[in-house]
Structures are given as structure tokens and as C-alpha cells.
Amino acid sequence: MLQVKDLRKEYVTDKSVITKALDGVTLDFPETGMVFILGKSGSGKSTLLNLCGGLDKVTSGEIIINGKSSKNFTGKDFDSYRNTFVGFVFQEYNVLEDYTVAENVALAMELQGKKRNREEIASILNEVEMAELASRKSGTLSGGQKQRVAIARAIVKQPEIILADEPTGALDSETGTQIFELLKKLSASRLVLVVSHDRDFAEQYADRIIELKDGKVDSDVVCTEGKEDKKEVSQETGAAIEPLAERKETEFIRARLPFKHVLRMGFKSLKGKPVRFAFSIILCIFAFVLLGLSSTLMFYSEKSVVVETMRLSPGNYVTVGKGFETRLFYHYNDGRVEENGDSLRKSTGFTVEEYEQFQRKYPDALAKVSFFNEPYNFELSSDTWDYYGTIDQYVIANPSLKVLAGRLPAASDEIAIPEFLFNAMKLEQTKFVFVTEEDVAAGQLVNESAPKHTVSTYEDVLYSQSNPATIFVNGGAQTFNFKIVGVYQSDKEPAAYKSLKRAVENGEDTDTGDFPEQSSAWSRVRDNGFYSYFALSTEFLMEYGHLYERKPVVFEPHESEHSWEEYQSNYTQTPDSIIDGIILKHSHNLSKLNRIVGLAYEKHADDSYFTVNSPVLSELNQVNRQVGLFRNAFLYAGLGLTVFAFLLMFNLISVSVITKKKDIGILRALGARSLDVFFVFFVEALMIALVSSVAAFAFSAIICYVLDIMMIKTIKAAIFVFGIFPMLFILGIAALTSFLATLIPVANYTKKSPVESIRMP
Ligand code: ADP
Ligand code: MG
């Protein structure tokens, strides 16, 4: 069943000297029996054995296994051949030292795609007299014991051929005898090919002795005297070494290293060098964090930056506006119509219906209306104007406003003032004036003679029989006077407002000079939305809203320097878009913010769009433009770091592969595929990649957060958003890097024959 024909193997050494290790060997081996190969050192014995076992490549000639020629074998076929047909026993044992005795045997079994069978393993270990040491780590065994493990590992595969290269070379003669006894037993049902230089043993055990000299067969003798012994031995054979009858054809079992071994070997290898592991993880984390930071800019999304900035900003309100985008058309005199390609943005308002839709989604949504001019019954010093900001702004009250005194307006002639304004009135004391209805009728508004009113409690600003607290405003052609029925809380106050309030409470001089943050702080108060807004009732909206309808937008065609007329598209603003904007609470909750900011990115079928306005956002426009400029620089930096991370891991895996080359050789000798070997190291690389990615996620998120907080304070924008894309990017790069960093060194090694891997210094 095993034949070799005109087998030649030449080695080319450094000085391009060709060594003919085998020089035309032709042999026909029996199905069973113990065949010894003798010869001086360097005569080619090991070479012959390795070639027979598919551990090394032939220079020329062929090996015929069950009539099948190795000439047509691929590398994979050789893997399968080793896995299926051959069991190896080496002089230097080559057991996996990290594995226990039983595990070494089990691995060989599992490589053949069989389930680990405890009974079978036990019976084989019993056969080699190793049953008691089954759970010992192989690294702690004596030479003779390791060799028994190697034999057990060979026979668990039930191979048709056992190849043993000086199996007793490193053992004392008594142990050597035991090993030969064992091999002799095994040879009853299979071919056992033994390389030895010990003629005495050969003559004692051999069924046939082949002698090599200078790579050629020198003699080939069949021994006839040990027949009786052989019969006796064969009767003693146990279950594990029953004759192999089932397998008639040359069918190869493709080896498959079970995943748990892949994992285990990968982890083992990491555990074996904790310092190197820790060091490479630290370096990888460093590279990945830098990659994470630059990828936040590579995947910079305006929307997420807006959301992040708003989340970290102290703002309280966001105003949503509506506009529409018109398209421009050329209407030629000959009747042709062509789109100009330009567009024009015009802001519009919301209808009451649209406002109600907002309210369903955001119960605290307030409608902002600008029906009136500023109230004309206030007299304020010009300094103090800064405190009030704009007070010609009006919102429609809804139950989400918290009432501090009185109630919310319920009739069309009622108004509620913000706490902010109340405090400002308190500050102004003598300058706040309510004029009477008679004064109004007489045309005497705020003047020298008008009664001054001191504001110190809520009662002072609430309308009653004795206190005609009224706000007068002009709205269009009409004059309105509103009774002040309540003071509402203007929600969370910005820091500047707080210091104003503190000053009032402490009775300090409230000149603006007392407020160190004055100008910027106060403009912040002003910008921040509706601190100084008056609140009107829904009834007012119903009753008088129609007076303030917008006119539909009609664009007049006009003559251009060319002979065509220019029109805008036929979009007309809804005439009842009487609500200027909708004020929403500035949420610091990420998903809510995403929804709010998302409004600005919605696509509407009618070419209308929403704007989301917040003081934060005007700053952001600036930043967005600049980030656009830096983006490419960051991209290249990120890619550079990726290469760095790759080289780092490549080096690590290469070193790991080199230190484990012997194990690779052993696995390959057992029949494991190159792919299996790849996975063992890939697990190692992937572990490093995963651990460092996860750590890099954490560090990147923290660093981004700190950077953002710092940026909010300086440029008022948070641009480092460590979201899902940077994470996926790091993971992807990490996986790809570990893949390539494993593939290249492993491919380099598995290209070599198994015997080269084992022997390599
Ligand atoms: P043996 O096992 O009989 O001692 P080998 O088969 O190991 O002999 O070696 C046969 C010849 O081939 C020797 O001359 C040896 O130096 C040479 N040889 C073996 N392996 C290599 C190798 N990897 N590279 C170069 N020469 C080798
Ligand atoms: Mg040798």
C-alpha cells in the first residue's frame, strides 16, 4: 500500500552546494510489520521518513499510497494524508507541552473530526501505560513518558502507517526497549516504519531491515525469525489496536481543528507573555484612541455636532421656524419656461393647526407671535433696556408655563408677564409706570405727571380694582390694553440672570457695572429666548389672529437685462401662518435633542423647511465651515495611525508566530490545515484588537467629552462626537489589521513544510 519510486531529495545550502539527501530510492512497503531503516548519520533516513509521511516535499520521484500517486497531491491533500493515514513519533517527542497527556491525544482525535471519546482515550493511554498520568501536563513528563504520549497520539488516529524517527534516540536503553515493545505490538495490524541507528534493536524487532548509504538503498533484508513472537504479540492486542479492516480506499479526512482548541491555543499564547501582551495592548489603545479622535472628525456630521453642542450648552430654549424654498424659473417671451437652478429661501410662519401638531409632540411648545409693538406704558432708562432685552415679543400661554402669582391669561384682554420682567421692574422701582385709561383717552401716556408705581411684591403688578396694572400696546391699527393677571416662571435661568436676581435680593446696587459678566451675560439672557416674553391667551389668537394674517407671497415678474421675465415658483405662503415660530424647551436629553435638531433636516414635499434656532447654532455655522477645511488633514492623520496600528500588531503576531513555530509544526504534522494554524494566531491578534478597541472606546469617549466641554467654553461648539461610526471604524480597522497582521506571517510559515517549522532554530 505504500510505495516509493525513484525518490530524490536535494537540499541547496547557503553556498549553493547541493546535498543529495536521497538519491533514487525505490521501495515497496508491506501492509503490516515493523520495518527498520538503518544507516549512518546523514545517510538520508529521516529524509526518507519525512517524505513518506508528507512532512516534506520531494525533489523528484513519487510516493504511491493505495495506488494513488502523490504527484497529483495538493498541499491540502498532504494535510489530509497526514491526518488520516500517518501517525508520527519523533525523536524529540513533539508533544504540546501546555496540554495534558489526555488532551494531546484528544486533539489528534478531534483533528480527525471525531468527538472526544473518553473511553477510547483511556484505553489507548492504558495501552501505552500512561493511564495514571492522563491529567498531567505533558511538559512535566520524562522523555520516555512523552514518547508514550506521542505514540498514543499516533495510534488514536488509527493510522495505517506509523512513522518513528529514532523514537528511542533520547531515551535510556531500558525505556527504549519498552517503546520498541509497544511499537512491535502496533505493527501487528499496521506498517511501522522505524528509523534507528541501533542495529541490536533492529535485529531484535524488525520484520525487515532496509539500510541506506549516501541516500541510496544499500541492503534490504526480510527477517524470518521473529514470526512466532509476532503471533503472540498480536493476540495481546487491545481494542485500540484492532486490525484496520474498514478503510479500503484512499479516502482522506480533512482535518479540522475544533474552535475550542483554536481559542485555547490563542489564549494560552497570550497568557504565556503577559508583559508583551500588556505592552502591545497599551500601544494599540494609543493608536486606536488617536484613530478614534480623528475618526470623529472623519465622520463629522453636522447634525450630531449640533446635537452634542446643544446637549453640553447651557441654553434653555430652541426656536423652530418655518421657511420655504422657492425655485426660480425663466419665463421667456416665446413661452418657454426653464428652471434657473437657483433657489431662494424665504421665512414664513406656522398655522394654528401646525402649532397644535407640535404641541401634541412637544407639550411645552409655545407659539411665538409678533402682533404688537413694545408696550408704551413703560419708561425705562436706556441702561436698563439691556436688562429687558426685547419686550415686544409675545407667546401664546399654555399649561406648561408655571404660574408664580395670579393665573395664566384666559380672556383675550388678559396678559401674563415673565418673572424676569417682574424682577426687572423691581430693579427699576420708580421708573415703572402704569397709566390710566383716562390718560390714554387724553393722549397722556408716559409722562412726567403720570403716577409712578413701585414694584416690590407680585401684588404690585397684578390687576385688581385698586391696582389697574395694565399693559398698553399698539397692534396694527388698534390699541390694546391687557390686564396683567399673572406672573409665570421663565424657567431655568442663565447664570447672568441669577446674579441679577441675587443682587436684587441682597439689595445691592444694580447698576450693570456690578455684574462682571455684564455685556456677554446679558446678551445671553436676551438671546436665550423668551425670558422677557409676554404671554397671551389662546382666546386672543382666536379673536384677533385674523387681523395679523400674512399676505400670500406673490412675486412680481420683472424685466431683466435679457428679454425674458423671471418668476419664482408658484409657492404661496399660507395666509394664516400667523405664528412666527415655535419655542421648544432646550432638552439635554440626547434622543429628544436628536428629534428637535432633526426637524431642521426633515424633507418636506412642499419645499418648506424648518429652521432650528438657538444662540448655540449661530456659533456652530462658523465651526462647521472650519471643520470642513480640516477634515482631510484628519483623514490622512487617521490613515497614518491605522498603518501604525497595523505595523504594531504585525510585529506582535510575527514574533508570536516565530516563538510558536514548533507548535505550528506539530499541528501541521498531525494534519492540521494552514487555515487552522491561521485561526490560532488570529484569535490572539483579535483578542488584542478587541481589548484595545473596547478600551479605546472608553478613552476616546472620555477625551472627546473633555475636549467638547473645553470647546464649549471657548468656541461654544462641541465637535468631537464619539458616536457609532467612529466605533465601527475602530472595530473594522482593528479586525482588518489583526487579520492582515496574522495572515502575512502565518502564510510565510505554513508555506514551509511541517518538518521545516519543527526544526527551525
Ligand atoms: P539521517 O536522518 O540519516 O541522519 P538526514 O535525512 O537527516 O540523515 O539527512 C540527509 C542529508 O541531507 C544530510 O547530509 C543532511 O545534512 C542533509 N540535510 C537534511 N536536512 C537538510 C536541510 N534542511 N537542509 C540542508 N541539508 C539537509
Ligand atoms: Mg535523522
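**View 1. A salt bridge joins the side chains of Glu129 and Arg148.** Welcome to this predicted model; our tour starts with a pair of opposite charges. The N to O distance between Glu129 and Arg148 is 3.7 Å. Glu129 sits in the loop between helix H4 (118–127) and helix H5 (143–156), while Arg148 belongs to helix H5, so the partners are 19 residues apart, and the pair links distant parts of the chain. How exposed or buried is each partner? Glu129 is exposed, with a relative accessible area of 61%, whereas Arg148 is buried at 8% relative accessibility. The backbone of Glu129 deserves a look too: its phi is positive, about 60 degrees, although Glu129 is not a glycine.

**View 2. Helix H5 is largely enclosed by the rest of the structure.** Here we stay with the helix that holds Arg148. H5 has 14 residues and spans 20 Å from its first C-alpha to its last. That reach is close to the 20 Å expected at 1.5 Å a residue. How many residues of H5 are buried? The count is 12 of the 14, so the helix is largely enclosed. Among the buried residues you can find Gly144, Lys146, Gln147 and Arg148. Further along H5, the buried residues include Val149, Ile151, Arg153 and Val156.

**View 3. Arg8 and Asp23 meet in a salt bridge between two strands.** The side chains of this pair come to 2.8 Å, N to O. Arg8 lies in strand S1 (residues 2–12) and Asp23 in strand S2 (residues 18–29), so the salt bridge ties together parts that are 15 residues apart in sequence. Arg8 is partly exposed, at 28% relative accessibility. Asp23, at 15%, counts as buried because the cut-off for that class is under 20%.

**View 4. Asp23 also meets Lys216 in a salt bridge.** This time the N to O distance is 3.1 Å. Lys216 is in strand S10 (residues 216–222) and Asp23 in strand S2, which places the partners 193 residues apart, in distant parts of the chain. Lys216 is partly exposed, with a relative accessible area of 43%. Which residues belong to the network here? Asp6, Arg8, Asp23 and Lys216 are joined into one network by salt bridges that share partners. For the wider picture, a search of the whole structure finds 18 salt bridges.

**View 5. Tyr93 has a positive phi in a residue other than glycine.** The angle is near 65 degrees. Where is Tyr93? Follow the loop between strand S6 (86–89) and helix H3 (101–111), and you will meet Tyr93 there. Tyr93 is buried, with a relative accessible area of 12%.

**View 6. Leu667 and Leu107 are 560 residues apart along the chain, yet their C-alpha atoms are separated by 9.3 Å.** Leu667 is part of helix H21 (residues 661–670). With a relative accessibility of 4%, Leu667 counts as buried.

**View 7. Four residues form a negative surface patch.** Our last stop is on the surface, where Glu353, Glu356, Glu549 and Asp576 make up the patch. Glu353 is found in helix H12 (residues 352–361). Is Glu353 buried or exposed? Glu353 is exposed, with a relative accessible area of 57%.

Technical notes:
Residues are numbered from 1 along each chain as its sequence is written. Chains are lettered from A and ligands numbered from 1 in the order in which they are written. This is a predicted model: local features need pLDDT of at least 70, side-chain atom pairs count only at pLDDT 80 or more; totals for chains, interfaces and linings use all residues. Side-chain values use heavy atoms; hydrogens and water are left out. Patches are made of residues with over 30% relative accessible area and no salt bridge: like charges are joined within 9 Å, nonpolar side chains (Val, Leu, Ile, Met, Phe, Trp, Tyr) within 5 Å. Accessible areas come from the Shrake-Rupley method with a 1.4 Å probe; for residues, only the protein chains shown count as cover. Lys and Arg count as positive and Asp and Glu as negative; His and the chain ends are not counted. The place of a charge is taken as NZ of Lys, CZ of Arg, CG of Asp or CD of Glu. Helices (H or I, at least four residues) and strands (E, at least two) are DSSP runs, numbered from the N terminus. Buried means under 20% relative accessible area, exposed over 50%, partly exposed in between (1.4 Å probe, protein chains only). The expected span of a helix is 1.5 Å times one less than its number of residues.
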